[in-house]
Structures are given as structure tokens and as C-alpha cells.
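Open the model in your viewer and keep the sequence panel beside it. This tour tells you what to select at each stop.

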Amino acid sequence: MSTRDSQPISDVKGYLEITRVGTTGVQRQPLAGSHLILGRNPQAQIVLDHTTVSRSHAELVFDPFGRWWVHDLRSTNGTYVNGTPVEERMLNPGDSIGIGDFTLRLHIQGARETRERADSYHPLADAPPQITADEDATLITVLPKVADSPQISASHLTTVMALGRQLMSVEDPAKRLRTLCEFVVGSDFPADSAVTIRMRDGKPIKVVSGPFLRDPSTPSPGRQVSVGVLKTLWDTREPVLGSNGMYSGQGIRRLSMPNAVRQLAVVACPLDMEDNKLDALYVEFPPSYGTAEWLTLVALVAEAYQQAELVWDMRRHVRQSAFVERELQMARQIQDGLVPRTLHIEGLDVAIGYEPCRWVGGDYVDAVPMPDGRILLAIADVCGKGLQAALVASSLHTMVHATVDAGGNLTQLIHSCNTYLCSYLPEHSFVTMMLIAIDTTTGELEVVNAGHPPAFAVGSDGRIRQLQSERNVALGMMETRMEIERSMLIGDELLVLYSDGLTELVDENQVALGEDRLSAELADIVRREPYATIEEYRERVIQRLTSYRGSQLAADDSTFLVARRPQSTRRGGRMYEIG
């Protein structure tokens, strides 16, 4: 397994723990960006090099709402989530993805960030009471069984299980850490002190919680930590045991803590790990507890905490996803109501193609008769996704129809839309829009383009030209006068308006369709079938887009409008919906 590109840490949105059948190692793969191909192809973002994996096997997609999805790319052996074959599935923290002989377990970055914001941190040197680090500490790698060591009983395991249940009922992340540490120094456990410490790049930097003391009068408990123990923990990412007791044996090295005033054993266990960061539970015991059995028990305590954190991550993710899905359902209802289906307008053949992406954008497309007999064609794209974008698109629909019904011309309409959006759009949001008023008798066009992809006029011989582009800024950015262009629709030219969901469509190699390739496809469609109906042109465009995208998930809505004057035209504006 390998990754093709290194990504900045700030872009990491989680990670995968990757294992393969027949091997013992675990590889950790950070998830950066919003679209990752998994497969045997050396050009894949995550390379899984085995014959059980297809060249382009599956893709991971990070949606606009902070959720990861897996999508099978018509692989030979299929893609599995928690043992179930899937074509497409939203992932939760801890989900297991099966791809050939590989198992990939998802860990969500956002859950850690939520916990970090909830915790109260202290620099290690300033934590109350003061904790110091012993730079000379070395580690006992193996400890002999001590004859008088207290034995672990079934009751200890029972209390660890009870701790796990308790942690799953404590919602506050900081309180969960306190509960963990208080358990370790409580009546059911023999530790003298417990503290959770943050390490970065191999060095302890912060106290996350604690220290918690069984008996504050005990000489110097919890005031000193062993850098040797913590460094070994960082290097191995496994529970570590050390002691400054006078034990001897083959291959044994003592833990030297020259500033300690008593003999002790220490255990450090990882609680939360990233590539450059680790949160550790650091526990001090009386020296008689410095055995592998007690190391194992503390490791079980840490594991109970990790399992509880995973459960809380999943709960948070499920709640967030349920909220998002409710919003998306509302957005879909709004969006579906805005898109005219097959239309017939006297003097103009019009057809609309609309394929929403899973996360619903804010595309608006329309054909509206004007009081002066012309036909208004409108298309707009709201920056953003979900319910907010759908509501903005709905307000545009209302404004366009109200302004046209009131007899407003193109200049008044674009000015009204811009003024409204400048007043009410959220900061850093905007809307691109193209309006074309067409005289169906003469073919005269009035065109205004506010930051939208340019419309195309395609002749029956395949010649193609652009209408107005790059003249005006997008709506909602500033109060400004919009420039209007006058043009002509010549003969039987096909007029095509579209959103950037078409030009930004990517194939299986992540190559965008782009404006030039789109125009070439449109020209080829018309040249091959110059006498096709408007509905046939719409279907041909959809077929070409589907063929280009292949098995890739659509990242944005694909919206377009095709229009052409029939051979026999007359002035008119009555419109009705077919079927």
C-alpha cells in the first residue's frame, strides 16, 4: 500500500488503518483532499497492490457536510462495508471497508478536533501542581514476575467493564478523561496517580487532564514523568512499563529517575494517536505492581476508554448525518419544484436536463414568457450546497417570475437580483447567472451574464460560438451596473445554457470535461443529427455526459437547457407543461 501524494497536515480529514490478509503489519493512511481513488493502479491516490484489487477499485468522497462516502467503481471483486457488499455507502467512524485482501478501518479527524476544543490544556511546565520531566530516564524492557506482586482477580476485570459502560454514558469529552483518571486512582484500582499527557513529535508538551492523586500526602506522586517511558511509548505506540525498583535479570535495564523520592512503577498507554501527536495515560503504582499482568490491566482500561470514544464519535457522526439528511430532503423537495420538466413554448422548442448530485446544489433553470412576447431563458448556480443553496435558488425563481410578471426588462431583472443578493447572501457566497431574452420571430437576443459559464450557439454544420462571457461579476458580490450584449440566433442554431457542473465533470482519470471538450461534444451532436428534435438533443447530451463520467460520483448538479427556433415561428408567449 502506498499513497501517491503527500498532503499538508491541515488538510487531513481522518485516516485509514490498512491491513492485508496474511500479514501482521498495520499501515496508517492519512485522508486528505475530497476525492481519493483506491486501486492497484500506481496512479491511484491510495495504491493497494494486490491481484484481488481492481486497477480502479473504489473511490472515497468527502462531501460538503464533512462525511466520507465509499463508491465502488465496477470492481471485479466488489467493495464491502462491515462485511456487506455495497455500490455506495456513507461511512461512520470505525467502519471497515473490504477491498480484495485489504481491510481499511476509517478514523474520523473531526471527532478529535471536537474533543480538543472541549478539553482544557495546560503546558507541561506550568501544570498545577508542577510536573517535571526526567531527561535521564531509561526503560526496563522486560520485568520479572515479583513474588509478592498483588494478583489480578476477576473483580478487576469486572470493574474495567463497568468503566467502559460508564464512559459511554458521559457525553462531555473532558469529563470522560476525568472519569478515566479518577477510576485509576479510585478504590477499585491501586494506582497512586494518573495524568493524561499530550505528546507531539516525540516530546511531552501538555497536560490534558490531571494529575489525579489517590493520597495527596504521598511523597511526590504525579509530579515527575519519565521521558524514557514516554519516548518508548511514542516509538512503539504500545503500552509501556517501567520501574526504578532494584530488580535484576537477563536483558533488564532499570528506569532511572534520580529526582524521585521513592520507588515506583509507571505504565504509559496510548489513548489517541496521530502521525505527529499522541495522547497518553501515564499512571504511577507502588513498585510491587510493576509486572506484565498490571501492565495488561492498565492497557485494558485504556482500551475501554478508546472504545467509548469510538462509540461517542459514531453517535456524533450519526446525529450530524441525520440532521444533514433531513435538511437535504427538504432541499431536494425545493429543488425538484424549481425545475420545469418538458416544456412547449410557442415559437421556441425548449428542453431542460437536470441531474442533481447526491448533496443537492443550488442550480436554477427556467423558461418564462415575457409580456412583450419574448421568451426569457434563465440559468443560475448558487455557491454552496444543501438547504441554504436551495432556498437561495427558490428566492431567485420567485424574483424572476415576479419581475417578469410586473413587466420588468432584462436590465431591471438582473439589477433587482443583484441588489437582493448583496443584501441577504451570507458572506463569501455568490450566485452566477445568465439571462437571455429571445425574440422568437426575429432571433434577436438580449444577453446578460453575471459570472456564469458562457452560452453556446451551435449551427447545423457543427460551427459553434460563445455568447457573452467575462463581462460582469457574479451576483451578490457588489452593487454594480451589469453590461448587456445584443446578438442573434441565426437560422436553426441550437442555443445551449449550462451550469459548471458540466464543465467540472470528471472522468475515471479525474480529468475535467472542460469548456473546450464540452463545446466539441455539442458540435459533434448537432453535426451528426442536424434534424433531431429538442428532446433528442437533450438525451444525446445526457448520454455524452454519462459516458464521460463513467462510474464516478457527480460532485455537483448537472443542469443545462437547450433551445431552438422551429422552422415556422411566430410571436407568442403562451406556455404549458407536457405530461
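**Stop 1: two crossing helices.** Select helix α9 and helix α10: α9 passes α10 in a right-handed crossing. A crossing is right-handed if the near helix is turned clockwise from the far one by less than a right angle, and left-handed if anticlockwise. Now colour the residues that make the contact (heavy atoms within 4.5 Å). On α9 these are Arg517, Glu521, Leu522, Asp524, Ile525, Val526 and Arg528. On α10 they are Tyr537, Arg540, Val541, Arg544 and Tyr548. By class, this contact has six nonpolar, no polar and six charged residues. Here Ala, Val, Leu, Ile, Met, Phe, Trp, Tyr, Cys and Pro count as nonpolar, Asp, Glu, Lys and Arg as charged, and the others, Gly among them, as polar.

**Before you move on.** This is a predicted model, where local features need pLDDT of at least 70 and side-chain atom pairs count only at pLDDT 80 or more, while totals for chains, interfaces and linings use all residues. Residues are numbered from 1 along each chain as its sequence is written, and side-chain values use heavy atoms, with hydrogens and water left out. Helices (H or I, at least four residues) and strands (E, at least two) are DSSP runs, numbered from the N terminus.

**Stop 2: another helix pair.** Select residues 154-167, helix α2, and residues 173-184, helix α3. They pack at an angle of about 165 degrees, with their axes 10 Å apart. That makes α2 roughly antiparallel to α3; the term covers angles over 145 degrees. Axes are lines fitted to C-alpha atoms, for helices over the stretch in contact, and angles run from 0 to 180 degrees between N-to-C directions. Which residues of α2 and α3 make the contact? Thr159, Val160, Leu163, Gln166 and Leu167 of α2 meet Arg176, Thr179, Leu180 and Phe183 of α3.

**Stop 3: a buried threonine.** Select Thr196, in strand β15 (residues 193-200). Is Thr196 buried or exposed? Its relative accessibility is 2%, so Thr196 counts as buried. Buried means under 20% relative accessible area, exposed over 50%, and partly exposed in between (1.4 Å probe, protein chains only). Add Val208: it is 12 residues from Thr196 in sequence, but their C-alpha atoms are 5.4 Å apart. Beyond neighbours within four places in sequence, the contacts of Thr196 include Leu177, Cys181, Leu271 and Ala280.

**Stop 4: an enclosed strand.** Select residues 68-72, strand β7. Five of its five residues are buried, so β7 is largely enclosed by the rest of the structure. Trp68, Val70 and Asp72 lie on one side, with Trp69 and His71 on the other. Add β6 (residues 58-62), which runs antiparallel to β7 and is joined to it by five bridges. Two strands pair if DSSP finds at least two bridges between them. Ala58 stands opposite Asp72. β6 and β7 form a hairpin with five residues between them, and Gly66 in the turn has a positive phi of about 80 degrees. Next add β10 (residues 88-90), joined to β7 by three bridges. There, Arg89 is the bridge partner of Val70.

**Stop 5: an open sheet.** Finish with five strands in the order β23-β24-β25-β26-β29, paired antiparallel. β23 (363-369) and β29 (485-488) stand at the edges, each with a single partner strand, so one side of each is left without a neighbour in the sheet. The twist averages 15 degrees from one strand to the next. Helix α7 (residues 410-424) packs on the sheet, touching β24 (375-382), β25 and β26.

Key: Parallel < 35°, antiparallel > 145°, perpendicular 65-115°, else oblique.
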